[in-house]
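Hi,

Here is the structure I promised to pass on. Have a look at it first, and then read on for what I found in it.

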Amino acid sequence: MKLSFRWFGNDDLVTLENIRQIPNMNGIVSAIYSIPVGEVWPVEQIKEMKQKIENNGLNLGVIESVPVHEDIKLGNSNRDQWIENYKQTILNLSECGIQTICYNFMPVFDWTRTTLHHLNSDGSTSLALSTEELKKLDPLDESLSLPGWDESYDKDKLKDILKQYSTVDEEKLWENLTYFLEAIIPVAEKAQVNMAIHPDDPPYSIFGLPRIIKDKESYARLFQLSSSSANGITFCTGSLGANPYNNLYEMLDEYLSLGKVHFMHVRNILLHKDKSFEETAHVSNYGSIDMVRILSLLKKHQYTGYLRPDHGRMIFKESGRPGYGLYDRALGASYLNGIWETLS
Ligand code: DNO
């Protein structure tokens with residue numbers, strides 16, 4: 001297991017200088033945020049980012065994410081051009097030595113919460129999702145802005161895209177994912193790049209949109225699409241853990257034994273009966289996920305890929321990007337280091 005940390009580039013309040021001081025920190029997980037979704041990532045820009053990271057004693061370990069253009073997810077007639085661009089980006093990343101690309105296939109919205117500032121009893125705040133509140137959320141509400149969402153759409157564009165999705169059900173989305181993977185996996189395989197699809201977060205339909213990477217059945221179907229190891233996954237404990245029917249430990253055990261896990265996102269959530277949840281400190285007894293069991297499985301399968309402590313709470317009066325402050329993720333990293341050392 002190699003420890004890594006997400007960094008949002010030069011605008012991130014969390015600096016590479018800070019990140020490198022976290023014990024055992026090895027890799028940076030990042031992306032080029034200035035490139036519009038769908039455009040090719042130029043080699044020069046990738047090299048520049050990589051160099052900056054290496055100048056700070058770290059490696060560019062994983063790209064998270066190369067976003068998939070909505071036309072591909074919708075199966076629109078112009079998708080081939082976007083797919084060609086995607087292939088070129090894979091090749092360019094490979095040329096720069098990148099071996100893992102995280103991506104997702106969630107329609108329109110990436111990860112979604114109903115509050116970014118849930119107040120915990122110790123005074124810290126965290127991201128949370130209330131299933132009741134979610135029913136009331138209107139993505140077209142002008143005042144609503146959530147951090148996982150692509151803010152480049154204005155509300156009219158969003159309305160239009162949502163309308164286009166009215167004819168895309170789960171089956172259609174699977175067809176579109178199949179088409180995409182049939183095109184890109186052979187390219188990734190040849191370029192020795194592992195594609196690592198991120199599960200849907202939360203792992204069920206929201207706003208009436210289909211979501212398909214969410215449980216055991218989804219993964220069985222995904223792996224059937226291509227047996228290539230380039231067709232792999234990001235195993236995100238927090239996302240998959242938000243469905244009480246997901247047995248994380250059985251799933252992880254199986255996918256590790258299949259060689260499908262290329263990247264790990266590790267965070268804890270406290271899951272309630274109605275599927276609402278709060279994100280908690282990483283430590284097992286704060287939430288519903290047994291971190292020792294998760295890391296034991298990685299140890300058992302001699303997992304050598306990258307793992308990152310995922311979202312943290314806001315603590316020590318830090319302010320910044322919700323879920324992605326420095327302090328709680330650093331505490332999470334230290335905790336995970338401790339478990340790993342004990343298992344060794
Ligand atoms: C949230 C992240 C996701 C993830 C994408 C991967 O914090 O885990 O936004 O980066 O879904 O494409």
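N24 is in the loop that runs between α1 (16-19) and β2 (25-30). Bear in mind for this and everything below that the model is predicted. The phi of N24 is positive, near 65 degrees, and N24 is not a glycine. With 58% relative accessibility, N24 counts as exposed.

K275 has a positive phi too, about 75 degrees, again without being a glycine. Look for K275 in the loop between β10 (269-271) and β11 (277-279). Its relative accessibility is 26%, so K275 counts as partly exposed.

Next, the cis peptides. One of them joins D201 and P202, with omega at about 0 degrees; P202 sits in the loop between β7 and α8. Another joins E64 and S65, with an omega of about -5 degrees, and I spent some time on that pair.

E64 belongs to strand β3 (residues 59-64). Is E64 buried or exposed? Its relative accessibility is 4%, so E64 counts as buried. The E64 side chain has a polar contact of 3.0 Å with the side chain of H265 and one of 3.4 Å with the side chain of R6. Leaving out residues up to four places away in sequence, E64 touches R6, V29, S30, A31, Y33, C102, F263, H265 and R308.

On the other side of that cis bond, S65 is in the loop between β3 and α3 (70-74). S65 counts as buried because its relative accessibility, 19%, is below the 20% cut-off. Setting aside neighbours within four places in sequence, S65 contacts A31, W41, C102 and Y103. C-alpha to C-alpha, S65 is 15 Å from I184, and the two are 119 residues apart in sequence.

Now to the helices, starting with α8. Helix α7 (residues 170-190) and helix α8 (residues 216-225) pack at about 35 degrees, and their axes are 10 Å apart. The crossing of α7 past α8 is right-handed. On the α7 side the contact is made by E171, W174, L177, T178 and L181, and on the α8 side by S218, R221, L222 and L225.

Which residues of α8 are buried? They include S218, Y219, L222 and F223. These four cover an arc of only 125 degrees around the axis, so they are on the same side of α8. E217 and Q224, on the other side of α8, are exposed. What the buried residues of α8 pack against includes α7, β7 (194-197), β8 (231-236), α9 and α10.

Then there is α11 (residues 291-300), in which M291, I294, L295, L297 and L298 are buried. Viewed down the α11 axis, the buried residues fall within an arc of 150 degrees, so they line one face of the helix. Their cover includes α9 (237-240), α10 (248-257), β9 (261-266), β12 (306-309) and α12 (327-343).

The ends of α11 deserve a look as well. At the N-terminal end, D290 acts as a cap, with a side-chain oxygen 3.1 Å from the backbone nitrogen of V292. After α11 comes Q302, with a positive phi near 50 degrees.

As for the helix neighbours of α11, α10 packs with α11 at an angle of about 15 degrees, with the axes 10 Å apart. That angle makes α10 roughly parallel to α11. L248, Y249, L252, D253 and L256 of α10 make the contact with R293, I294, L297, L298 and K300 of α11. The crossing of α10 past α11 is right-handed.

How does α12 compare? The angle between α11 and α12 is about 55 degrees, and their axes are 10 Å apart. The two helices are therefore oblique to each other, and α11 passes α12 in a right-handed crossing. Here M291, V292, L295, S296, L298 and K299 of α11 meet Y335, L336, I339, W340 and L343 of α12.

If you open just one spot, I'd suggest the cis bond between E64 and S65.

Cheers

Note on methods: Residues are numbered from 1 along each chain as its sequence is written. This is a predicted model: local features need pLDDT of at least 70, side-chain atom pairs count only at pLDDT 80 or more; totals for chains, interfaces and linings use all residues. Side-chain values use heavy atoms; hydrogens and water are left out. Buried means under 20% relative accessible area, exposed over 50%, partly exposed in between (1.4 Å probe, protein chains only). The arc is that of the directions from the helix axis to the C-beta atoms. Contact means heavy atoms within 4.5 Å. A polar contact is a pair of N or O atoms within 3.5 Å; within protein, one must be able to donate a hydrogen and the other to accept it, and residues adjacent in sequence count only if both atoms are side-chain atoms. Axes are lines fitted to C-alpha atoms, for helices over the stretch in contact, and angles run from 0 to 180 degrees between N-to-C directions. Angles under 35 degrees count as roughly parallel, over 145 as roughly antiparallel, 65 to 115 as roughly perpendicular and the rest as oblique. A crossing is left-handed if the near helix is turned anticlockwise from the far one by less than a right angle, and right-handed if clockwise.
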